[in-house]
Amino acid sequence: MSFKNEYTLNVDIKRRMTSVVPTFKQGDSATLKFKLFDDGKKFDLAAFTRAEITFKLPSGQTIVGEPYIDVNTQMIVYNFVGVEMNEAGKLTTILSIYSGTSMVSIQPFSIFIFDHLKDKDLSYIGILQDLIAEVQLLNEEVKSTLSEANNLKDELNNVLIEANNAELIRNTNEQNRITSENTRNSNESARQQNEFDRKNAESIRESNEATRIENEQNRQKEFDNKINEAEVAITDTKKATVEANQAAESIRGWGQATVWNSTTTYSKNNVVTYNGSTWQSKGDNNLNSIPSETNTNWILLALRGVDGTGAVSTVNGKSPDGAGNVELTADEIGTYTQQQIDDKDTTVKEYFTDKGIGDKVIIISEQDYIDADYNGMFWVKNDALDFLPTETGHAATLLVYENPDNENVVKIFNVINPTTAISYMRTYTFDNTSSLIHDSGWIEGGGGSGTGGGGNVSVNSYPLVTDTVSQTIWELPTGAYNQTTDSVMVFHNTVFLEQVSYTITNNRLSIPDNPHTEIEENNVVLVVFRNMPNMTVEFDGNNIIDGSIPLSKLGQDVQDAINNAGGKIELVDNLTTDDATKALTASQGVVVKKELDKKWQKDIFNNTNITNLGSTYAKKTFQINTEDWKAPDGHIEQLNITIPCENFSGVIKVNYTGTAEAVNAMGSMDISYNFAKVGNTPHVSTREILSSSSTFASNYYARAIGLKASTMIIPLTRVPQAKQRLYVTVELFGNASVGGVGFNMFNILNTATLVFEDLGTSASFYPWTPQASQIPTYDAIGRWDSVAHRFKPACEIVSDWNNVVQNGMYMANGALNAPYADAWFMGIVIVHQPNWVVQKLIQFTGDQEFERTLFGGEWRPWIETSPRKLFTSVSNGKAQVASAITGKGVQTASDATFETMANNINTISAGKFATGTIPTPQITYRQGNVTVYSGLIDFKPDYIMTDWGGVVWVNNAYKGPTGMLEGSFIGGGTEMCIAMQLNSISGKWQIQLALENYSKGWVKPASTITFYAFKN
């Protein structure tokens, strides 16, 4: 007997399992399949969406796995991932399945894991397994026999009863039969009529659904347009507010001029007179500094006149007339006349009125109110649709938002009966297919005799008094705000504050992180919403749309800023003006946005997008929907990725990812093509399957690149039944030209399209053998002993490490291109492609480790990765960091905690420091590089320290934004490879880490890396 790798178990949710006990060999791959029964009857899995299996290992450790439910075979399948096989002995196992919050579990059963067994032991296990199976069959036969005996007894009793009443029952049954036959004939006629009505109703439903989908698409377009308009309006308003504040800052103190005194200390914006001229202080602590045009502490406001009393000699280049007056036009001083200001004020007010902001109320029908998909305030007519809570028209608001947690759309209807002043609220919830999944019904709120807060809905604005320097607490007016029933919004210097920025307790408003110190710079307005329904969603200032708040409801300071902005900002409708005081119009902003969207291929060709990452690299993603596969049923169809290009030389990588729809072909395939051509003549054409899932490879076949009319064609062929959604990502590395002109990869890939080709019902290569990954395994390399499960003792001797570009183990003494000469080295070579190679060497006597890579055909320098270089212990790493901090003038002990080090770093007078965390996913053995990124840092670090589960690595050797430092560390019997790179992004810096697991049979759990970045 040999160990099996797969068992199919019959398990019952009400009986203990008596089938064969699964027995596996430690470290092997294994699969469990479950057929479920309920008291001997087949159990229906249709209502269950998730399964969970729990293993309790001999050591007491508990491991939880997630099987999948195969709806086609009605079985639950679990593939062991490795950690369950780490310990030999008995595993106590429980299988559970879930439907929403409901759970069903079977009785616990056992699994045995053996590390090694003799042939005799294996025979005993086989005999025991056979005996268990025979006992199970015998037990089922005994149960069946007992059941049949009980049934026979019941049948005999029934015969005796029926014999006594046979004649009476026969007469009654005959009469019932006649009545039933008449009823059946009548029901059959009714059934036929109902079926006819059902078909008509289904046709009407399909027509209505098509109309709904079209309306939804139109609604989404209208919503996007309103969002764009709101963004432009908000941007213009913010800019106007900034300019208004700047203007107020410039003129502060003009009406409080005093004669300059050498013993007086002046603050910023203080105004003085000196020798007949007027000056304004540019900063604080201005003491004994004589005002003059060359003194940078002062700004000249008015120059001494010719008579020495302060009258000006000229104004804007014009001299006074005989009466001392200077007459200037509005254009000469860069301002507007009162008529121009009135005109612009009218234009601004008309703009807000057109957007529904002001005293105009939009009147809509009851059906339009139900179908509306935008926020707003309305008067809703009662059209007898039984939707409104009472039989009259209502004043109404509507709030529409998308729940970020589950993509559901919630519509909140709020109406007020104008006669009773009673408010009502109702919510609709739609899923991501626009289907209504919840209706709360009308809930009576405040007003009239309702159960709410009572009284009319009102909105009141309260400007709060600032009378103290660096003020952070404001007293609220008595009775202005009821914290239990009222809602509130806070504006600080016209900026809306989120709730995390302030607190209100004991009738006091606190803004603890207020950055402003001057009394004049602290303008706080409290807006109180009284008797409003209890809304369960936060209201964000970014969600305010056009027409939702009239201008009169804004604080007076905000109204003043908007009205004044009309006379200070000139709008332009071109992109050639460089005047900083002029603003771009909203219409021109829309034009710019459309052009940017075109550059990034947004929403062009079936949600296609393209990324330009340099002249020699680009990536493009396509989505193929089910309806895109056009060949008739039973036909083979081919997807051709067509890339127009006259000449090309480089690497093409393609990833196909499928979803489970028509067939169970979910999974993916990664392919790399090395390709070079001139016109229609190929010079280099190789294809390598990097990875391929078995289900995907059974349904799809990736063929070699073809050429037609100077166009590269990358084909993917599917079996007739595999018409499901695919995601296709194409990457180009290399150089190309069209018409003799060099093109970068972005321009080439931007012209790529998809063409579907019907190949008919047969093809010379169909059916095909599923394609598998061509990456060599250890067995294929020939360096792995499959019997002893270890590397073979012999290593290949080499003379030049530059020539070692095949997977395997090698050694050499005095070979060329070693880390240094005249030394024995042994190493491992890992090959991705001929031009992408990793070499890891160990020096025998010096206990040193080295690494280097062949990157795009170019060997990079050797890097020492010995433990003493990589600081694989916490104490070594902390000692060097402590020494560096001490060298900056802050004494730090080598065994100080990381918190103490961070605090000491913050006290260093020169240099910069940043810290943060980087989440890492679970990493399995030889999974490949897993790349993770930090957030953006404001400076380029000179040193970076990472702390990953107690292993500390300090880097101090960067070679620029593209420089990389690689190495390995060993801890707890495991080996990980880590590569660190620093990326420059828009003037800031990002840490990029590439992680790889080289410990066979071990999984690195998901965790967090803490980084510390320093700059001298």
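These exercises, each with a worked solution, deal with a predicted model of a protein chain.

**Exercise 1. Overall make-up**

Describe the chain by its secondary structure, burial, surface and contacts.

*Solution.*
- Start with the secondary structure: there are 12 helices and 62 strands.
- Next, burial. The chain has 1016 residues, and 35% of them count as buried.
- Then the surface. About 57600 Å² is exposed, with 51% of it supplied by carbon and sulfur atoms.
- Last, contact range. Take contacts between residues at least 6 apart in sequence; 54% of them join residues at least 24 apart.

**Exercise 2. The nonpolar cores**

Find the largest nonpolar core and the strand that gives the most to it.

*Solution.*
- The largest nonpolar core has 40 residues.
- Those with the most contacts inside this core are Ile641, Ile643, Ile652, Tyr656, Ile714, Val728 and Val730.
- Strand S43 gives the most to this core, with 5 residues.
- Another core, of 29 residues, lies apart from it; Val11, Phe34, Leu36 and Ile76 are among its members.
- Now look at Ile652. Setting aside neighbours within four places in sequence, Ile652 contacts Ile671, Ser672, Tyr673, Ile705, Met712, Ile714, Val730, Glu731 and Leu732.

**Exercise 3. A nonpolar surface patch**

Locate Val738 and decide whether Val738 is buried, partly exposed or exposed.

*Solution.*
- Val738 sits in strand S43, which covers residues 726-738.
- Its relative accessible area is 33%, so Val738 is partly exposed.
- Val738 joins Val741 and Phe743 in a nonpolar patch on the surface.
- Together the three have about 220 Å² of accessible area.

**Exercise 4. Salt bridges**

Compare three salt bridges by N to O distance, place in the chain and burial.

*Solution.*
- Begin with the count: 16 salt bridges.
- Take Lys33 and Glu6. Their closest N and O atoms are 3.4 Å apart.
- This pair links distant parts of the chain, 27 residues apart: Lys33 is in strand S3 (residues 31-38) and Glu6 in strand S1 (residues 6-12).
- Lys33 has a relative accessible area of 24%, so Lys33 is partly exposed. Glu6, at 37%, is also partly exposed.
- Take Glu216 and Arg219. Their side chains meet at 2.8 Å, N to O.
- Both lie in helix H2 (residues 166-251), 3 residues apart, which is about one turn of the helix.
- Glu216 is partly exposed at 26% relative accessible area.
- Take Lys840 and Glu851. Here the closest N and O atoms are 2.6 Å apart.
- Lys840 is in strand S51 (residues 836-843) and Glu851 in strand S52 (residues 848-855), so the salt bridge ties together parts 11 residues apart in sequence.
- The cut-off for buried is under 20% relative accessible area. Lys840, at 14%, is therefore buried. Glu851, at 6%, is buried too.
- Finally, check for shared partners. Glu216, Arg219 and Asp373 are joined into one network by salt bridges that share partners.

**Exercise 5. The surroundings of Ser365**

Place Ser365 in the chain, classify its burial and list its contacts.

*Solution.*
- Ser365 lies in the loop between strand S18 (362-364) and helix H4 (366-371).
- Its relative accessible area is 17%, so Ser365 is buried.
- A polar atom of the Ser365 side chain lies 3.1 Å from the backbone nitrogen of Asp368.
- Leave out residues up to four places away in sequence. Ser365 then touches Val380, Lys381 and Asp383.

Terms used:
Residues are numbered from 1 along each chain as its sequence is written. This is a predicted model: local features need pLDDT of at least 70, side-chain atom pairs count only at pLDDT 80 or more; totals for chains, interfaces and linings use all residues. Side-chain values use heavy atoms; hydrogens and water are left out. Patches are made of residues with over 30% relative accessible area and no salt bridge: like charges are joined within 9 Å, nonpolar side chains (Val, Leu, Ile, Met, Phe, Trp, Tyr) within 5 Å. Accessible areas come from the Shrake-Rupley method with a 1.4 Å probe; for residues, only the protein chains shown count as cover. A salt bridge is a side-chain nitrogen of Lys or Arg within 4 Å of a carboxyl oxygen of Asp or Glu. Helices (H or I, at least four residues) and strands (E, at least two) are DSSP runs, numbered from the N terminus. Buried means under 20% relative accessible area, exposed over 50%, partly exposed in between (1.4 Å probe, protein chains only). A polar contact is a pair of N or O atoms within 3.5 Å; within protein, one must be able to donate a hydrogen and the other to accept it, and residues adjacent in sequence count only if both atoms are side-chain atoms. Contact means heavy atoms within 4.5 Å. A nonpolar core is a set of buried Ala, Val, Leu, Ile, Met, Phe, Trp, Tyr and Cys residues joined through side-chain atoms within 4.5 Å.
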